[in-house]
Amino acid sequence: MDLKARLAILADAAKYDASCASSGVKRKTAPGGIGNSEGMGICHSYTPDGRCVSLLKILLTNHCIYDCSYCVNRVSSAVKRAKFTVDEIVALTMDFYRRNYIEGLFLSSGVIRSSDQTMEEMVDVARKLRVEQRFGGYIHLKAVAGCSRELLEKAGLYADRLSANIELPLQSDLDLLAPAKKQVDVEKSMGEIREKILETKEHAPRFKSTPKFAPGGQSTQMIVGATASTDADILKKASQLYKGYSLKRVYYSAFSPIPHGAPILPLKSPPLIREHRLYQADWLLRFYGFKESELTTPESGNLDLNLDPKLSWAIRNRQFFPVDVNRAPKSHLLRIPGLGLKSVEKILEMRRFRALRLEDLGKMHVPLHRMKYFIQAQGGNPSIRALDSTSLRDLLSPPAEQLDLFQSATLARTGEG
Ligand code: SF4
C-alpha cells in the first residue's frame with residue numbers, strides 16, 4: 001500500500017482521539033533548527049465533534065492486539081490495516097511542517113505485539129524529529145498503558161505533552177467493554193509521568209542543564225455515553241485524576257458509533273450538549289472552586305442539559321444568594337451565574353474605590369439579565385427573590401430552539417446523523 005493510502009487510513013483512525021488540543025507550550029528553536037511550537041499552522045486534524053487543531057494527527061499503526069469494543073481498531077474489527085515506519089512519520093511531519101500545513105504532531109497507536117514495542121517506536125519518532133531533524137514544533141505522544149518507566153522517561157524528553165487515556169470512568173465500564181484494560185495500569189503511567197515532571201521542576205532552578213520533561217504536562221480522554229456511567233461518575237474520576245496526577249486537561253469525547261460496532265454498544269451518540277456541559281463543569285472544578293459532588297444531584301447523577309452547571313447549582317442553592325458584590329469574598333463572587341474569572345477580578349479591583357451599583361455592573365458587559373436574581377449591590381436590587389426557583393429556572397432556560405441549534409450545528413460539523 002502506498003504512503004498516501006496508509007496516511008488516509010491512519011489519519012482517519014486517529015480522529016476518534018480528542019485528547020490532543022495544543023497546550024500552548026513555549027519551545028525555542030535551536031539555532032539552525034526548524035519549527036516553533038508557538039506558531040500557527042493550518043488546521044488539518046479534527047476531533048470527533050469537529051474541532052480543528054493544527055497537528056498532523058495520525059496513528060503509527062491501526063493494528064492492535066486488544067479488543068476494546070468501542071474502538072474501530074480493535075483486533076476483531078474488519079477495517080483495513082496499515083502501518084508507518086518510524087522514518088516515514090518523521091519525513092511526513094517535516095514535509096507537512098515545511099509546507100505550513102501543521103504546527104506539530106500528535107502520534108498515537110494501536111498496540112503491536114506489546115506496550116513496550118509500540119512505545120519504543122513512537123519514542124523513536126520523537127527522538128529522530130528532535131535530535132536528527134532539530135524539529136522545534138509541538139509533539140504530543142500517547143503513552144501506551146503498561147509500557148516501561150524507562151520508555152516514558154525517554155518520551156517526555158522529546159514530547160511537549162504526554163497522554164495516557166483512562167477511556168472510561170469506572171473499572172466496571174472497562175470490564176464490560178475493554179476487559180484487558182486496567183485503570184491501575186493507566187494511572188501507574190500517569191503517576192510516573194507526574195513524578196518525572198515534578199523531579200524536573202525541582203532540579204531545573206539548581207541545574208541549568210536539566211532537560212525539559214513534557215513541559216506541556218499530561219492529559220487524558222474519557223469517552224462519554226458508551227456505558228451507563230453518569231456525569232457524577234465522570235466528574236468524580238476527572239477530579240481524582242486532576243488532584244492525583246496534576247493533569248493539565250481531561251478531554252470528554254461523546255461516544256460516536258463506529259462502523260461494525262460491537263452489539264454491546266449504544267446505537268446512538270449521546271446528545272452532544274452533554275459533552276459541552278461536562279466541559280463547563282470541568283472548568284468549574286478547575287477554576288471556580290466547585291466540588292464535583294456539588295454539580296450533580298443524587299437523584300439524577302447527570303448534569304442538567306438545559307442549564308449550564310453553574311446556573312443549575314445556583315437555582316438549587318438559592319439560600320446561598322444574594323451575594324453582595326461589594327462585600328463578598330472572591331470565592332463567593334465566583335459562584336454568581338454569568339460572572340467569569342476576569343469579571344470577578346474587575347469587580348474586586350473596582351470596589352476598592354467605590355461601592356458598585358447594578359448600573360456599574362451593566363457597563364461591564366456581564367449578563368446582568370441572568371445575574372440580577374443572585375446579587376445585591378449598592379442602592380438595592382428589586383429582582384432578588386422576585387421569583388420562586390421553578391419560575392426562575394423556566395425564565396433562565398435557553399429556548400428549546402437554541403439547544404436544537406447547538407445540536408444541529410455540532411452534528412453538521414461532525415457529519416453525523
Ligand atoms: S488498545 Fe487502544 S487501539 Fe487497541 S483496541 Fe483498545 S482502544 Fe483500540
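**Entry: R113 and the loop before helix 3**

I looked up R113 and found it in the loop between strand 4 and helix 3. The model is a predicted one. R113 is not a glycine, yet its phi is positive, at about 60°. I then checked its accessibility: the relative accessible area is 64%, and because the cut-off for exposed is over 50%, R113 counts as exposed.

**Entry: helix 3**

I went on to helix 3, which covers residues 115-132 and has 18 residues. From its first C-alpha to its last I read 25 Å, close to the 26 Å expected at 1.5 Å a residue. I listed its buried residues as S115, T118, M119, E121, M122, V123, V125, A126, K128, L129 and R130. What do the buried residues of helix 3 pack against? I found helix 2 (86-98), strand 4 (104-108), strand 5 (138-142) and helix 4 (149-158). Just after helix 3, I noted R134 with a positive phi of about 55°.

**Entry: N100**

I looked up N100, another residue with positive phi that is not a glycine; its value is about 65°. N100 belongs to the loop between helix 2 and strand 4. Its relative accessibility is 40%, so I entered N100 as partly exposed.

**Entry: I89**

I stayed with helix 2, where I89 is placed. Is I89 buried or exposed? I89 has a relative accessible area of 0%, so I entered it as buried. I left aside neighbours within four places in sequence and found I89 in contact with I58, L60, F84, L105, L107 and V125. V125 is also on my list of buried residues in helix 3. I also looked up the pair I89 and L59: they are 30 residues apart in sequence, and their C-alpha atoms are 9.4 Å apart in space.

**Entry: ligand site**

Which residues surround the ligand? I recorded C64, Y66, C68, C71, R74, G110 and K181. I sorted this shell by type and got four nonpolar residues, one polar and two charged. I also checked the location of the ligand, and it sits in the largest pocket.

**Entry: K181**

I took K181 from the ligand shell and looked up its surroundings. K181 lies in the loop between helix 5 (171-177) and helix 6 (183-203). Its relative accessible area is 25%, so K181 is partly exposed. Not counting residues up to four places away in sequence, K181 touches C68, Y70, E167, Q171 and L174. One of these contacts, C68, is itself among the residues that surround the ligand. For a distance, I looked up K181 and I166, which are 15 residues apart in sequence and 9.3 Å apart C-alpha to C-alpha.

**Entry: T230**

I found T230 in the loop between strand 7 (218-224) and helix 7 (231-245). Which residues does T230 touch, not counting those up to four places away in sequence? The contacts I noted are R274, S300, G301 and N302. N302 is 72 residues from T230 along the chain, while their C-alpha atoms are separated by 5.5 Å.

**Entry: helix 8**

R274, a contact of T230, led me to helix 8, where R274 is buried. Helix 8 covers residues 272-287 and has 16 residues; at 1.5 Å a residue these should span 22 Å, and the end C-alpha atoms are 23 Å apart, so I noted agreement. I listed the buried residues of helix 8 as L272, I273, R274, E275, R277, L278, Y279, A281, D282, L284 and L285. Helix 8 is followed by G289, for which I read a positive phi near 75°.

**Entry: cis peptide bond**

Is the peptide bond from F321 to P322 cis or trans? I found it to be cis, with omega near 5°. P322 is in the loop between helix 10 (309-316) and strand 9 (323-324).

**Entry: whole chain**

I ended with totals for the protein chain. I counted 16 helices and ten strands. Of the 417 residues, 52% are buried. Among contacts with a separation of 6 or more, 68% come from residues 24 or more positions apart.

Notes
Residues numbered from 1 in each chain as written. Predicted model: local features only at pLDDT ≥ 70, side-chain atom pairs only at ≥ 80, totals over all residues. Heavy atoms only, no water. Helix = DSSP H or I, 4+ residues; strand = E, 2+ residues; numbered from the N terminus. Expected span 1.5 Å × (residues − 1). Buried < 20%, exposed > 50% of the residue type's maximum accessible area, 1.4 Å probe, protein only. Contact = heavy atoms within 4.5 Å. Near = heavy atom within 4 Å. 1 Å grid on protein atoms, 1.4 Å probe; cavity = no way out; pocket = protein on both sides within 12 Å on 5 of 7 lines; lining within 4 Å. Sits in = over half its atoms within 2 Å of the grid points. Nonpolar A, V, L, I, M, F, W, Y, C, P; charged D, E, K, R; others polar.
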